[in-house]
Amino acid sequence: MIYMFATEQNKTRTLVLNALFITLTFLATMFINIRLPLMGNGGLIHLGNVPFLIAAFIFGKKSGAIVGAFGMALFDIMSGWTLWAPFTFVIVGTMGYIAGLIVEKMPGKKSLVYVLAVVVAMIIKVVGYYFTEVILYGNWILPFGSVPGNIMQLVIAGIIVVPLTKGFKQRIVRTKSA
């Protein structure tokens with residue numbers, strides 16, 4: 001009975017944390033953004049990658065995938081980019097899953113592992129959105145206009161996330177041991 005209660009408590013905690021980080025991802029994408037005046041889609045720089053990468057790094061690949069997919073797709077739906085939502089769901093969900101997987105499985109100095117996870121997430125984003133724009137616009141050249149914004153998003157997110165995650169993880173370890 002106690003084991004079942006603990007499991008239910010963990011499920012509830014995970015659900016609440018994922019919902020919190022989905023909300024933070026949505027809000028940071030919706031309200032902290034700059035649209036780049038470049039060709040094609042132009043690119044949108046936002047801070048939505050920060051909370052979803054923190055979720056992936058701290059709570060793992062499942063949370064990273066759920067938070068990224070739902071948080072960013074919700075932004076697309078609510079902001080008039082509805083056509084993009086299914087692509088975003090898959091691309092950002094994959095980014096979160098792979099970034100979380102790298103952090104979970106890769107040995108070594110954690111700050112370097114975090115940087116590697118951000119770089120891999122950036123590659124997934126750039127390639128994923130490039131081909132999405134090829135599909136949506138029917139043009140192989142126009143999508144290059146979004147590449148600088150997608151790169152800049154993850155570089156900025158990495159600069160913020162890597163030191164924050166290290167501090168959060170240390171704090172979580174101290175809280176659990178107390």
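Helices here are DSSP runs of at least four residues and strands are runs of at least two, both numbered from the N terminus. The exercises below concern a predicted model.

**Exercise 1. Overall make-up**

Task: State how many helices and strands the protein has, and in what pattern they follow along the sequence.

Solution. Begin with the count: the secondary structure consists of 6 helices and 2 strands. Next, read along the sequence, which gives the pattern α-β-β-α-α-α-α-α. Then turn to burial: 44% of the 178 residues count as buried. Last, take the contacts between residues at least 6 apart in sequence; 69% of these join residues at least 24 apart.

**Exercise 2. Helix H2 and its surroundings**

Task: Determine how many of the 11 residues of H2 are buried, and name them.

Solution. H2 covers residues 49-59. Of its 11 residues, 10 are buried, and the helix is mostly covered. The buried residues are Asn49, Val50, Pro51, Phe52, Leu53, Ile54, Ala55, Ala56, Phe57 and Ile58. After the helix comes Gly60, with a positive phi near 105°.

**Exercise 3. Length and burial of helix H3**

Task: Compare the expected span of H3 with the distance between its end C-alpha atoms.

Solution. H3 has 18 residues, 61-78. The expected span is 1.5 Å times one less than the number of residues, so for H3 it should come to 26 Å. The end C-alpha atoms lie 25 Å apart, in agreement with that value. As for burial, the buried residues of H3 are Lys61, Ser63, Gly64, Ala65, Val67, Gly68, Ala69, Gly71, Met72, Ala73, Phe75 and Asp76. Gly80 follows the helix and has a positive phi, near 90°.

**Exercise 4. How H2 packs on H3**

Task: Classify the packing of H2 against H3 from the angle between them, and list the residues in contact.

Solution. The two helices pack at about 160°, and their axes are 6 Å apart. Angles over 145 degrees count as roughly antiparallel, so H2 is roughly antiparallel to H3. Their crossing is right-handed. On the H2 side the contact uses Asn49, Phe52, Ala55, Ala56 and Phe59; on the H3 side it uses Lys61, Ser63, Gly64, Val67, Gly68 and Met72. Sorted by class, this contact has 6 nonpolar, 4 polar and 1 charged residues.

**Exercise 5. How H2 packs on H5**

Task: Classify the packing of H2 against H5 in the same manner.

Solution. H5 covers residues 110-137, and H2 packs with it at an angle of about 125°, the axes being 12 Å apart. This angle makes H2 oblique to H5. The crossing is right-handed. The contact is formed by Asn49, Leu53 and Phe57 of H2 with Tyr114, Ala117, Val118 and Lys125 of H5. By class, the residues divide into 5 nonpolar, 1 polar and 1 charged.

**Exercise 6. Phe26**

Task: Decide whether Phe26 is buried or exposed, and find which residues it touches.

Solution. Phe26 is in helix H1, residues 2-31. A residue counts as buried under 20% relative accessible area; Phe26 has 15%, so Phe26 is buried. Leaving out residues up to four places away in sequence, Phe26 touches Gly71, Leu74, Phe75 and Met78. Finally, check the distance to Gly48: Phe26 and Gly48 are 22 residues apart along the chain, and their C-alpha atoms are separated by 6.5 Å.

Methods. Residues numbered from 1 in each chain as written. Predicted model: local features only at pLDDT ≥ 70, side-chain atom pairs only at ≥ 80, totals over all residues. Heavy atoms only, no water. Buried < 20%, exposed > 50% of the residue type's maximum accessible area, 1.4 Å probe, protein only. Axes fitted to C-alpha atoms, helices over the stretch in contact; angles between N-to-C directions. Parallel < 35°, antiparallel > 145°, perpendicular 65-115°, else oblique. Left-handed = near helix turned anticlockwise from the far one by under 90°. Contact = heavy atoms within 4.5 Å. Nonpolar A, V, L, I, M, F, W, Y, C, P; charged D, E, K, R; others polar.
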